[in-house]
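Hello,

Here is the structure I promised to hand over. My notes follow below it.

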Amino acid sequence: MDGNQREQWQSRIGFIAAAAGSAIGLGNIWRFPFITGKYGGGAFVLVYILILIFVGYPVMNSELLLGRKTQRAAVGAFKALAPGTPWILVGYMGVLAGFIILSYYSVVAGWALAYMFKSGTYMVADAVPGDIFVGLITNPGAILFYHTVFMLLCIGIVAGGIEKGIERWSLILMPALFVLLIILIIRSVTLPGAGAGLTFYLKPVLANFSGEGFLAALGQVFFSLSLGMGCMITYGSYLSKKEDIPLSARYIVVSDTSVAILAGFVIFPAVFAFGLEPGAGPGLTFITIPAVLAKMGPSGHLFGFMFFTLLMIAALTSAISLLEVATAYFIDEMKFNRKKATLIMGLLIWLLGFFPALGYSKLSHILPIRGMDLLDSFDFVANNIMLPLGGMLTAAFIGWYWGTDKAIEESSIGASAKLGSGYAFLIKYIVPIAIFLVFLNSVGILG
Ligand code: PHE
């Protein structure tokens, strides 16, 4: 982009592909099935969906309309609506959260990149998938290589701009992701013994559900929908007044949730079919899935390549949105041109990524928070502190400072049905209080 004309999404479907691409990521395919397993299967899914409707959907609308109203990214939006006030700090915190999240997100995406070509190791008879995983993450050279390749992909796409970079690639990558997911579900649910996994996943066992599960669901909604750090404000800033925000928000929320739920249909039947452990945590994707693939016969090579390609694609369309938050800030507020802003931000994030990347090898002695390694510590700070705080403050900003009436008015532009008093009530009371509870929980874990 040159001159004063702000970039815009070229089509509604392009915008929705990009925003859904941001939402759908490692959070859906890896994290959602894992915590669903941990917090009671079907019961967790039910609570997750309720929170999605009452917290996720209103906050999604709020961020998108703040962006479109101001035509500015995270920092600029608060600056425009509340000049000279500390609200701008919410924007800065978002940019910082984007930095931190992408620095380790790229490392995990790098694991997926490595696994795309690893079927030669885990498909070998007697291979121990856990050892292969540990062998990878403790190898500094390999980890830095994949982290670098992944960051270069991100930089290349974001430097291309909104229409020719992010929108065009999302339109190619998102349908590919859906097709791959469907193929993998068919493979997984037709494995002998898959039924036990389906029962586990779909049958609500309320006895396994706890207050902690409620809070875990709330945190997962935030991370999964890319909320609480200005990402959707930034994407909203490239929307024209013709777009229907409440409708788009519904599409994004529904597609994000569908992918999370579909990912469970890939993982649980396969895990149960082979008598593996559903609550395996970080190993669920990188240890359990290869174990499953290894028992599939020669087709495991193909399905393995497909699964990790899927994971990498999902991570890529999220990672570019994380990079865009920082890039847009430097374009809007510092007047950098896009290529320069992307390159500098990408470089800084790449360097920051050395910490989580080497956290299992050269820097494994650094355990900053409660004995957690660098990657887990980065994740903890961003997810359990910065995102909930950012989301709570964004809701408070609209509910108590800028005004829900103005938000509702902005939502009505280009919309077939604007937001109403239900939205106002949720944003003023329910959302801040619910997020405050998550936040307290996070801090409680800290103490
Ligand atoms: N929503 C992404 C996922 O589920 C992660 C993300 C968080 C992306 C915040 C952008 C902003 O993986």
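**Surface, fold and a nonpolar patch**

The accessible surface of the protein chain comes to about 16600 Å², and carbon and sulfur atoms hold 69% of that area. Areas come from the Shrake-Rupley method with a 1.4 Å probe, and for residues only the protein chains shown count as cover.

This is a predicted model: local features need pLDDT of at least 70, side-chain atom pairs count only at pLDDT 80 or more, and totals for chains, interfaces and linings use all residues. Residues are numbered from 1 along each chain as its sequence is written, and side-chain values use heavy atoms, without hydrogens and water.

The protein chain has 20 helices and zero strands (DSSP runs: H or I of at least four residues, E of at least two, numbered from the N terminus). Its radius of gyration is 21 Å, close to the 22 Å that the globule rule gives for 447 residues, so the chain is as compact as a globular protein of that length. The radius is taken over C-alpha atoms; the rule is 2.2 Å times the number of residues to the power 0.38. Of the 447 residues, 61% count as buried (under 20% relative accessible area; exposed is over 50%, partly exposed in between).

Now the patch. Twelve names would be a long list; among its residues are I49, I53, W400, F425 and L440. Together the patch residues have about 1100 Å² of accessible area. Patch members have over 30% relative accessible area and no salt bridge (side-chain nitrogen of Lys or Arg within 4 Å of a carboxyl oxygen of Asp or Glu). Nonpolar side chains (Val, Leu, Ile, Met, Phe, Trp, Tyr) are joined within 5 Å, like charges within 9 Å. Helices α3 (42-70) and α20 (421-446) each give two or more residues. α20 gives the most, with seven. I53 sits in α3 and is partly exposed, because its relative accessibility is 43%.

Best wishes

Notes
Buried < 20%, exposed > 50% of the residue type's maximum accessible area, 1.4 Å probe, protein only.
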